[in-house]
Amino acid sequence: MSKRLRLAMQKSGRLSDRSRDLLARAGIGIEWRSGQLHCRAHAFPLDVMLVRDDDIPQYVADGICDLGIVGSNMIAERLDARGQAGKVVTLRTLEFGRCRLSIAVPSSAGIKDISALAGKRIATSYPDSLRQYLLAQKVSADIVEISGSVEVAPTMGVADAICDLVSSGATLSANHLVEIAVVYSSEAVLVRTAKPLDDEILSGIDRLTARLSGVVRAEQAKYIMMNAPATAVDAIRRVIPGLEEPTVIPLYGDKQRVAIHAVAPEPIFWETMEGLKQAGATSILVVPIEKIIE
Ligand code: PRT
Ligand code: ZN
């Protein structure tokens, strides 16, 4: 392949380490040099552009980059809420950077519902997402656009409420704010431009997407092994979510019991382990999977 894919990623911030790690785990080696905005992958036809996350949606929409790794909140704000939905295509979610865009009010305000925000001021860095949400909810409020530290706006008297990203909720509680509505949930996604691309680039995108999918799925999935009474196989299948076709192997010298091996598509929690034990399983082993390719 002589043509190279162009992928936009966040230069530095909350998504940058995980984005780089994802490429490394997909076997795409890149030498990251500090200060360099353009990096070449070895052994894969890929060039990475390191930019601010705010700029990624437009670069991909305009076809300056074929692909982007960015929070879906940015796609929603920069494209969808500005009437440009459809300019990029989401190829897959990447299972990191999870957060939600929420409306929060000072806990002392006693406001429980967004209808009480009619005529009030809401500070946000996501004016277009908020405008669209308020319109759908038929609430008429003033939007105060702020580029950072939105959570201090009510204390400073700049606004009566805020609309900001929340992950753990610690920033809201530290600022005595309570969430009253979720505008949308977000996570990092792999997107491609909706502009027409030539076949060579398209097949490169398919290869890259398959590799990234393999890494993401392997991260989620676990390989599980256990011994159990042969009569308990069906009960065990019901305990593990998504477990469809386990391998069932006879145990040497024991006609009553079998070994069960399977890939569980979701993480195995302690409750699931206890459920397996109750269903008759013993010697339960859960091991990580490095790569999956279908
Ligand atoms: O310089 P550049 O423009 O590239 O970066 P940035 O400073 O604008 O963005 P950055 O690195 O802060 O966030 C990049 C992306 O990470 C966001 O667009 C989201 O997709 C995702 N993300 C996930 C988050 C959070 N979680 C998050 N908690 N982005 C921001 N926050 C902030 C939030 O704004 C608030 O200030 O964290 C605080 C709340 O966190 P909790 O844990 O206290 O609730
Ligand atoms: Zn940003």
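**Exercise 1. Where is the place of Pro45? Work out its setting in this predicted model.**

*Solution.*
Step 1: Start with the secondary structure. Pro45 sits in the loop that runs between β3 (38–42) and β4 (46–51).
Step 2: Check accessibility. The cut-off for buried is under 20% relative accessible area, and Pro45 comes in at 12%, so Pro45 counts as buried.
Step 3: Look at another residue of that loop. Ala43 is also found between β3 and β4, but with 75% relative accessibility Ala43 counts as exposed.
Step 4: Add the backbone. Ala43 has a phi near 60°, a positive value in a residue other than glycine.
Step 5: Get a sense of distance. From Pro45 to Asp164 you cover 119 residues in sequence and 37 Å in space, C-alpha to C-alpha. Keep Asp164 in mind for the next exercise, as Asp164 is among the residues nearest the centre of the largest pocket.

**Exercise 2. Describe the largest pocket: its volume, its lining and its place among the domains.**

*Solution.*
Step 1: The volume first. The largest pocket holds about 1,000 Å³ of space.
Step 2: Now the lining. 40 residues line the largest pocket, and those nearest its centre are Arg14, Asp53, Tyr126, Asp164 and Leu165. Two or more lining residues come from each of α3 (72–78), β10 (161–166) and α5 (170–174).
Step 3: Sort the lining by chemistry. You get 13 nonpolar, 15 polar and 12 charged residues.
Step 4: Bring in the domains. The protein chain splits into domain 1 (5–96 + 187–218), domain 2 (99–186) and domain 3 (221–288). Because domain 1 and domain 2 both give residues to the lining, the largest pocket lies between them.
Step 5: Place the remaining domain. The centres of domain 1 and domain 3, taken over C-alpha atoms, are 38 Å apart.

**Exercise 3. Which residues coordinate the zinc ion (ligand 2), and what arrangement do the donor atoms make?**

*Solution.*
Step 1: Find the ligands. Asp53 (OD) and Asp54 (OD) coordinate the zinc ion at 2.0 to 2.1 Å.
Step 2: Test the geometry. Four donors would count as tetrahedral if all angles lay between 85 and 135 degrees. Here the four donor atoms subtend angles of 76 to 168°, so the arrangement is irregular.
Step 3: Check burial. Asp53 has a relative accessible area of 18%, so Asp53 is buried. Asp54, at 16%, is buried as well.
Step 4: Link back to the pocket. Asp53 is also one of the residues nearest the centre of the largest pocket.

**Exercise 4. How many cavities of 30 Å³ or more does a search of the whole structure find, and which residues line the largest cavity?**

*Solution.*
Step 1: Count. The search finds one such cavity, and the volume of the largest cavity is about 30 Å³.
Step 2: List the lining. The residues are Arg18, Asp21, Leu22, Leu94, Phe96 and Glu219.
Step 3: Assign them. Helix α1 (residues 16–25) contributes the most, with three residues.
Step 4: Sort by chemistry. The lining has three nonpolar residues, three charged and no polar ones.
Step 5: Glance at Glu95, in the loop between β6 (88–93) and β7 (99–106). Its phi is near 65°, again positive in a residue other than glycine, and at 23% relative accessibility Glu95 counts as partly exposed.

Conventions. Residues are numbered from 1 along each chain as its sequence is written. Chains are lettered from A and ligands numbered from 1 in the order in which they are written. This is a predicted model: local features need pLDDT of at least 70, side-chain atom pairs count only at pLDDT 80 or more; totals for chains, interfaces and linings use all residues. Side-chain values use heavy atoms; hydrogens and water are left out. On a 1 Å grid over the protein atoms alone, a cavity is a set of points where a 1.4 Å probe fits but cannot get out, and a pocket is an open set with protein on both sides within 12 Å along at least five of seven lines; lining residues have an atom within 4 Å of a point. Grid points are joined across faces, edges and corners, and a volume is the space filled by probe spheres set on the points. Helices (H or I, at least four residues) and strands (E, at least two) are DSSP runs, numbered from the N terminus. Ala, Val, Leu, Ile, Met, Phe, Trp, Tyr, Cys and Pro count as nonpolar, Asp, Glu, Lys and Arg as charged, and the others, Gly among them, as polar. Domain bounds come from an automatic or database domain assignment. Donors are N, O and S atoms within 2.8 Å of the metal (3.2 Å for Na, K and Ca); water is not among the atoms, so sites may look incomplete. Four donors count as tetrahedral if all angles lie between 85 and 135 degrees; four count as square planar and six as octahedral if opposite donors are over 155 degrees apart and all others between 65 and 115; anything else is irregular. Buried means under 20% relative accessible area, exposed over 50%, partly exposed in between (1.4 Å probe, protein chains only).
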